[in-house]
Structure formats: structure tokens, C-alpha cells
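Got your viewer open? Load the model and follow along, one selection at a time.

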Amino acid sequence: MNKKGLAILMRTRMRPTNNDSAHLARSPLANMVNQTVNGGQSSSGTQKLNALSNTKRDFEVVSESMHSAISMSKTEVLDSVLSDFSEGYFSLSYENRRKLLVQLAKEYDVNRTQVCDLIKQYLGLEPPGTGSDSAHSVGVEVEASLSAFYRIERNLRHALKPMYEVLFERLNTHPGGLKFLSILRADILSILAEDNLASLRALDSYLKEKLSTWLSPAALELHQITWDDPASLLEKIVAYEAVHPISNLIDLKRRLGVGRRCFGYFHPAIPGEPLIFIEVALMKDMAQSVQEVLWDDPPIPECEATCALFYSISSTQPGLSGINLGKFLIKRVITLVRKDMPHISTFATLSPIPGYMQWLLSKLASQSKLAEGEDMPNSSADRSGSTFSENILEPEEERALMDASVEFTTGKNSMEVMLNLLTSANHEWTKSDKLLSVLKPPLMRLCARYLLQEKKRGKALDSVANFHLQNGAMVERINWMADRSEKGLHQSGGIMVNYVYRLGKIEDYSQSYFSTGHIHTSSELSRYIEPLKEPQNTTE
């Protein structure tokens, strides 16, 4: 193994687990302090009192440095104050970070008293051009009136900006500040998941808007990541890969080698670390399983490829959640690949369906209970609730399922049987050819329904589907047993989906999805489901 490979391997092995990371993120330095103070022994009452006193004093110091960072006008010492604040913030426990962010959201918000006063002044102004007949006097009055309007409007725009905007703006221009703001927002999102405070939501919304502006495509650099890049960068690719974990160095080298591409978006303020990266496989045809992409060997000669398959896209910054960098990355990569390889004519994905099994199991459980209640003559089942009865399984699917499952499980009805099979230990149903053959028709049909019909606020319920559809893709094909990994079976019963970005149609598809929620799909996929209540566009 060469030095680069050894460095990547060692760094990856030294990385903390997810649980450890969460613990460290909450209190990166407090753990070390506790270990030093305790020395493996229980702290005395005096030590605990001192620790509490130090914690309170640390919070007050960081709070004061935050106030100085917002209010200070001396630019020559501002960098030092911002550094003190960011370093102090990392030393705080999770509880004190929460306290500080709530303080920032509430005490440095918009001055609403000032805003109300300005609105009263504005409403008290007389509209220009009223109250005079003379053309000359009208002109003079209009100018005077407009001048008053402009002045109050300017003051209103200034007053409507929260005070914490100053902190964000200053941190953005401070070395390491953009990365720090991303971490800050990750903490805000974590707190909001526990306690949905209105003031904190407003803080998050404002910071998200600022980050979206600072991370516009014009400010980002597209870089093709190769094996020749520094080990520190490749280690981040291994660590942040979110869709198909990189198993070893051979796997990593393959993903960066012949017939494969990896592109990342970088920002000059966060050097050596991609904000988001995408992995591409160059193939003869659109892949139907992840095995074709990750394990089939050897790759085809690049000159024979006709399809660029996007099989993984991963974000590295939790604090950038909700900022759609992936949309711009995909479009940039399509443009670049078309330029370098004109023989590539198809741009598609092989994507997971992360919410499918959760939706299906919930549906099966609720419908099974309803069916059981309806079969009882004196049932007092509540039929006035939000859950309504529907036939999830077709009659022939029910018969085949009940006949094939006798030796594997039992149930009061076909939906309970299917639920028991799909939740069996170690996915036992995937080890029986008989069960696979009878489960394939309903699972594929219901998957098509989930992707094309199940909506939330008029948009696709599945998060990955919504991402690609709003970017301008269409749903082309679903693939049976495309991902047999534990994760793939747990999320979607092993089914994966191909989304296709049709050149010349991307913007039209994106616009129609945003405006009406219409999902463009292939005629092959539309045959899995019954006609929709609202017609969907199909593409041959």
C-alpha cells in the first residue's frame, strides 16, 4: 500500500462513530475537561460546584464576545473578536450553545418598536399629488411628499433587518467564518428538531437565506476529484459518502478510475472540502442494479459509453440543509460531460427510494386493522377516522400471496401476511424464490404508486424523488432487487429507480412540476398503476 492509501485508511479508522460524533459535536472540549478533572473518579461536591461556576463564566464570556462582534465599530480589532467568539462557541456544551442561540434570536432580533413607529409615520403621510390645484404647487408638493416617503422607506428597510445580520455578514468575511456559520446553522436545526421556537425559526430562515446568497453557483468552483488529489480530500469523500458506503481503498480507487467520474462543488472560503459531490458511472446502457455500477468488473472502454449514470450525490455540511446545491451541480456536470464526451446521449440516475417501505408498512398495518374490523360482525371499529379503507392488493395478488406464504407465516388477511413477510428477521423473504415471485407484482405496482401518486403539499412524498423532479428529471423505470444491501432492503425492499434528465426538456419538466405538481414519466412505468385522477404526462 502506498503512503496515500495508508493515510486515507488511518484517517478513516480514526474517525469517530456517528454516536461519538454527535456527542463530540455537543461538547467538543467539555469531555476533555471532565476527563481531566474526574481522573476516572467521582467528582466531589466542590469540583462539581467549580465546574458549574466555570461553565456559567464561559457562557458569559462567549455571550459578551458575541455582543462585541455585533456592536463593535473598531475594524482593527474585529477579527480578533470574531475569532474569540467562534473559538468560545466551540468550547460550550450543547445546552449552552442552545442558550446562546436563543439569546441571539431573541435579543438581537428586529426592533419592532422602531418598525411600528416608522409604519405609523408612513401611514400618516399624504399620498403625492393630492390637496392642490396649481400645477407648480403640485410639482413642489409631490417632490416634498416623495422625499418623505423615500426617507421613511429607507429607514424601514434598515429597521427590518435584525441585528444578528451584522454578525452573519462579519463572520462571512472572516477567515473560517463561512464554515463556522454552517456549523452554527446545523446546531440551530438540531435545536429546532427538539423545540420549534418561533424566534429560532426566524433566525434559521434568515441565515439560510444568507448562505444561499453566499453559496450561489457563481461563487462555487467545480472540481473533478481524482486519485491524484490530496489524501485529506479523498478521506473526506470516504467519510461523507452517504448513499453507497466506500468499503475499502480498492473501492475508492475504482470510483475515481477509468469509466467513473467524481465531481465536487468547492468554495474558496472552505478549501480542501467539497460542499457536495456527485459520483458518475459511464455505461453502455442505463444500469438496473447497483451491482452493475459498484461491483461489475472491468468497466467498459469510455469510448463505448452512451450513458452517464449519477449513482450517488452526497452533501458534506448538515448546516446547508435545504439549500439546493445539487440542482446546480447536476446541471454543471451534464454540461461538462457533454462537452468532453459528445457520444454520451443519456443522463440518468440510479436512485434509492428511502421512504417507500416506511410508507408501505404503515399502509399495510392500518389497512390490515381496518380489514380485520370489517370482518367482525359486531365490530365497533371507528370508520369515521382519517384512515379510510382501500384495496391495496389486487385479488390475484392476494390469492398468490396467501397460497405461497403458508409455510412461512400466517395472518388474518393478505395484508397482515404481507406485513409479516416484509418485517421478518434478516429479510427472510428475499431468500425464497417462491416469495420473491409473488411479492414482486404488488411491490413494484405499489412502488410506482408511491413515486407517482403519493404527494405532500402537491409534491412527491419521497424526498429523493422530489429532489430530482424539481431539478427537471422524469421518472423512467423502477428496478426489482436492484440493491440487496441491508440498507436497500430496509428502505425500499431492494427496489431502485432511474430518473432521466432529458436534454432540452429539463427546464420545462422542472417548471411544470413546480407549478402544478405534474410528474413526467415513461409509458412503461405508467402501466404499473391505474389512471390518475389528474392526468400525468408520459414520455415514450
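Start with the whole surface: the protein exposes about 28200 Å², and carbon and sulfur atoms supply 53% of that area (Shrake-Rupley method, 1.4 Å probe, with only the protein chains shown counting as cover for residues). Keep in mind that this is a predicted model, where local features need pLDDT of at least 70, side-chain atom pairs count only at pLDDT 80 or more, and totals for chains, interfaces and linings use all residues. Residues are numbered from 1 along each chain as its sequence is written, and side-chain values use heavy atoms, leaving out hydrogens and water.

Now switch to cartoon view. You have 23 helices and 11 strands to look through; these are DSSP runs, with helices (H or I) of at least four residues and strands (E) of at least two, numbered from the N terminus. Of the 540 residues, 45% are buried (under 20% relative accessible area; exposed is over 50%, partly exposed in between).

Next, select residues 45-71, which form helix H4, and pick out Val61 there. Is Val61 buried or exposed? Val61 counts as exposed, because its relative accessibility is 52%. Add Phe85 to the selection: 24 residues separate Val61 and Phe85 along the chain, and their C-alpha atoms are 8.7 Å apart.

Then move to helix H8, residues 135-159, and find Arg157. Arg157 is exposed, as its relative accessible area is 54%. What else should you select around here? Add Arg151, Arg154 and Lys161: together with Arg157, they gather in a surface patch of positive charge.

Conventions: Patches are made of residues with over 30% relative accessible area and no salt bridge: like charges are joined within 9 Å, nonpolar side chains (Val, Leu, Ile, Met, Phe, Trp, Tyr) within 5 Å. A salt bridge is a side-chain nitrogen of Lys or Arg within 4 Å of a carboxyl oxygen of Asp or Glu. Lys and Arg count as positive and Asp and Glu as negative; His and the chain ends are not counted. The place of a charge is taken as NZ of Lys, CZ of Arg, CG of Asp or CD of Glu. Buried means under 20% relative accessible area, exposed over 50%, partly exposed in between (1.4 Å probe, protein chains only).
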